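Open your viewer and load the model. We will start wide and then zoom in.

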Amino acid sequence: MRIELAQIRPFLGDVERNFLKHREIVETSDADCVVFPELSLTGYVLKDLTFELFRYSEKAVEKLAEASGGKCVVAGTIKEVRPGVLRNSAAVIINGEVDYVYKFYLPTYGLFEERRYFQRGDPSRDLKTFQHAGIKFGVMICEDAWHPEPAEALALMGADLILIPAASPMRRLGRSLAIQDSWEALLKAHALMNAVWVTFVNTVGSQEEEFFWGGSMAVSPLGEVKLRLKLFEEDRAVYSIDLEELRRARFFSSFRDHISSFHRVLAEL
């Protein structure tokens with residue numbers, strides 16, 4: 001499977017403009033699957049705009065599904081799961097059909113205030129995997145990657161690839177970009193511990209007072225960064241899943257014991 005990382009700058013609150021950018025990228029991509037950042041159709045720093053935009057974002061997902069052809073597309077959106085109950089979601093479009101993944105861990109500290117506007121997903125019902133172009137994959141959204149359980153559960157469910165749409169803002173600058181170093185360490189840990197490919201697609205550009213750094217990347221099951229996108233600007237790039245690296249990572253590791261010993265995790269979900 002060929003995967004395109006679509007590192008874009010969403011325009012806050014301008015769903016139609018964001019949709020047109022999504023459609024253009026999908027229609028010009030030669031990849032099997034195109035992955036956009038978290039809340040890519042709406043922008044991230046929504047606050048009270050969340051309620052104003054959810055209907056438009058749901059309609060944008062429908063139009064994106066119509067334009068997707070035979071591709072897989074993962075786009076960030078808002079989903080109303082019950083009247084007045086909204087979730088930070090990733091729309092997963094496969095062959096024109098739409099399903100949703102919901103964010104479980106809602107950051108509400110520092111600059112983040114997601115629990116004011118969103119309901120968290122329910123791991124007992126909302127963890128799921130998908131199949132496309134011969135690859136089984138799962139999706140988890142940004143903050144979920146800062147916790148071990150979602151990635152482990154998806155691996156136990158058979159995922160060979162985990163996609164992580166994100167909206168990670170700048171924290172502090174020094175000789176290196178500290179948040180980039182932290183994300184790289186997290187992605188390598190998930191890839192190595194669970195013997196999966198991991199793809200991180202981050203937002204870029206300014207929204208209100210926040211600035212998002214980009215730096216999207218793909219990490220192999222052997223913990224190697226195979227693809228890096230630019231910092232501080234929009235970028236697109238494609239990489240291919242190498243099943244031989246997946247086989248090698250699993251054969252020369254404790255992956256088989258990991259699966260048998262922790263099957264109870266799934267039973268408890």
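The tour goes from the whole chain to one strand and its neighbours.

This is a predicted model, where local features need pLDDT of at least 70, side-chain atom pairs count only at pLDDT 80 or more, and totals for chains, interfaces and linings use all residues. Residues are numbered from 1 along each chain as its sequence is written, and side-chain values use heavy atoms, with hydrogens and water left out.

**Whole chain.** Show the cartoon. The protein chain has eight helices and 14 strands. These are DSSP runs numbered from the N terminus: helices are H or I, at least four residues, and strands are E, at least two. Now show the C-alpha atoms. They fill a box of roughly 50 × 45 × 40 Å along the principal axes. Of the 269 residues, 57% are buried (under 20% relative accessible area, 1.4 Å probe, protein chains only).

**Strand S9.** Select residues 197-202. Is this strand enclosed or open? Six of its six residues are buried, so S9 is largely enclosed by the rest of the structure. In a regular strand the side chains alternate between the two faces of the sheet. Show the side chains of S9. Trp197, Thr199 and Val201 lie on one side, and Val198, Phe200 and Asn202 on the other; all are buried.

**Its partners.** Add residues 161-166. This is strand S8, which pairs with S9 in the parallel sense over six bridges. Strands pair if DSSP finds at least two bridges between them. Find Pro165: its bridge partner in S9 is Val201. Next, add residues 217-219. This is strand S12, which runs antiparallel to S9 and is joined to it by three bridges. Finish at Thr199, whose bridge partner in S12 is Ala218.

Notes. Buried < 20%, exposed > 50% of the residue type's maximum accessible area, 1.4 Å probe, protein only.
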